[in-house]
Amino acid sequence: MISSIFKSKKVAEAEKDQKILEKEIKRLSLEIIKKDGFLKCKNDLIISKEKAGKKVYDWEKMGDELKKYHEENLVLKKELEKINEILSINCIENHYLIKIEKFLSEARFIEIVNNLKLNGVMYVQCLNNYIIENLVEDEKLKNEIIKRYENFLNGIMNWELKTNLLKGEKITKIYSKYRKVINILNEKTICYMDELNHEILDRLVESGYSQEEIKTLKDIYDDYEKKYLVK
């Protein structure tokens, strides 16, 4: 079961490490861009002694730092790949439906998405090669979609799609009209629908919510799970 898998110690630790690594990779990437920019414009910078004063640019040292950042970034990305393997969809029984417009989100697919929906293909899980062959006329786009679909079946997709597949939509989207609820849940590190349940919603009484209000929130949760969760 997907809920039990995500509550397992191994996956919980992997998710925590993933967030830390992604944050560190982002920081290092920004440092690389900044220092790389300095190095590229080195020859264009003319600093007079009067303007520079005691300020000295150690270009050789900066170059060494840039190399170090590149190496650290590479190591972190490899670690992130290992973590992503732990969170692979191949080890999960349950998953959530992904809307076809999210799977083919680029502007070049708008007409194709509309045509697919008109023919009842509302989710990527409704696709197959036969449908793609018969409903997509443009050969170039057809080949691109087939390749993307095959990658999807093999668990190869961007992280946003994979998260949507494994954890459902973000709380912020489903409960967009309930900003205070979102803030309370976020404080408990509950960000996706799969991380939510009736027990958690019942605890909102501690934040001043009535039983009637909580029932409304539960109904929203139940409707989402019934429509999008594939067991």
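Author: In what follows, a helix is a DSSP run of H or I that lasts at least four residues, and helices are numbered from the N terminus. Keep in mind that the model is predicted.

Reader: OK, so which residue just after helix 11 takes a positive phi?
Author: Helix 11 covers residues 179–187, and the residue to look for sits just after it. Its phi is about 60 degrees, and its name is threonine 189.

Reader: Staying with helix 11, how wide an arc do its buried residues cover?
Author: Buried means under 20% relative accessible area. In helix 11, that goes for Val181, Ile182, Ile184 and Leu185. They lie on the same side of the helix because the arc they cover around the axis is only 165 degrees.

Reader: And which residues are exposed on the other side of helix 11?
Author: Exposed takes over 50% relative accessible area. On the other side of helix 11, the exposed ones are Lys180 and Glu187.

Reader: What covers the buried residues of helix 11?
Author: The residues being covered are Val181, Ile182, Ile184 and Leu185. Their cover includes helix 10 (171–174), helix 12 (198–202) and helix 13.

Reader: Zooming out, how many helices and strands does the protein chain have, and what share of its residues is buried?
Author: The chain's secondary structure comes to 13 helices and two strands. Out of 231 residues in the chain, the buried share is 37%.

Reader: Among contacts between residues at least 6 apart in sequence, what share joins residues at least 24 apart?
Author: For this one, a contact is a pair with heavy atoms within 4.5 Å. Start from the contacts between residues at least 6 apart in sequence; the share that joins residues at least 24 apart is 68%.

Reader: How much of the accessible surface belongs to carbon and sulfur atoms?
Author: The accessible surface of the protein chain comes to about 15200 Å². The part belonging to carbon and sulfur atoms is 52%.

Reader: How many disulfides turn up in the whole structure?
Author: A disulfide is a covalent bond between the sulfur atoms of two cysteines. There are cysteines here: cysteine 126 is partly exposed at 32% relative accessible area, and cysteine 191 is partly exposed at 30%. Still, the number of disulfides found in the whole structure is zero.

Reader: How many salt bridges are there, then?
Author: To count, a side-chain nitrogen of Lys or Arg has to be within 4 Å of a carboxyl oxygen of Asp or Glu. One example is arginine 203 with glutamate 199, whose closest N and O atoms are 2.9 Å apart. Searching the whole structure gives a count of twelve.

Reader: In the salt bridge between glutamate 139 and lysine 142, which is buried?
Author: The closest N and O atoms of this pair are 3.3 Å apart. Both residues are in helix 8 (residues 139–153), and because they are three residues apart, about one helical turn separates them. Glutamate 139, at 49% relative accessibility, is partly exposed. At 7%, the buried partner is lysine 142.

Reader: Which residue forms a salt bridge with lysine 215?
Author: Look in helix 13 (residues 211–228), where the two partners lie four residues apart, about one turn of the helix. The partner is partly exposed, at 32% relative accessibility. With the closest N and O atoms 3.1 Å apart, lysine 215 is bridged to aspartate 219.

Reader: Which residues do shared salt-bridge partners join into one network?
Author: Some salt bridges share partners, and that links them up. The joined residues are Glu106, Arg108, Glu144 and Arg148.

Reader: How are the rings of phenylalanine 103 and phenylalanine 152 arranged?
Author: Rings pair if their centres lie within 6.5 Å, and planes over 60 degrees apart count as edge-to-face. Phenylalanine 103 is buried at 2% relative accessibility, and phenylalanine 152 is buried at 7%. Their centres are 5.6 Å apart and their planes are at 70 degrees, so the pair is edge-to-face.

Reader: How far apart along the chain are those two phenylalanines?
Author: Phenylalanine 103 belongs to helix 5 (residues 100–103) and phenylalanine 152 to helix 8. The pair links distant parts of the chain, with a separation of 49 residues.

Reader: Which tyrosines form one aromatic cluster?
Author: The structure has five aromatic pairs by the ring-centre rule. The tyrosines in the cluster are Tyr96, Tyr123, Tyr224 and Tyr228.

Technical notes
Residues are numbered from 1 along each chain as its sequence is written. This is a predicted model: local features need pLDDT of at least 70, side-chain atom pairs count only at pLDDT 80 or more; totals for chains, interfaces and linings use all residues. Side-chain values use heavy atoms; hydrogens and water are left out. A disulfide is a pair of cysteine sulfur atoms within 2.5 Å. Buried means under 20% relative accessible area, exposed over 50%, partly exposed in between (1.4 Å probe, protein chains only). The arc is that of the directions from the helix axis to the C-beta atoms. Accessible areas come from the Shrake-Rupley method with a 1.4 Å probe; for residues, only the protein chains shown count as cover. Rings of Phe, Tyr and Trp (its six-membered ring) pair if their centres lie within 6.5 Å; planes under 30 degrees apart count as stacked, over 60 as edge-to-face and the rest as tilted.
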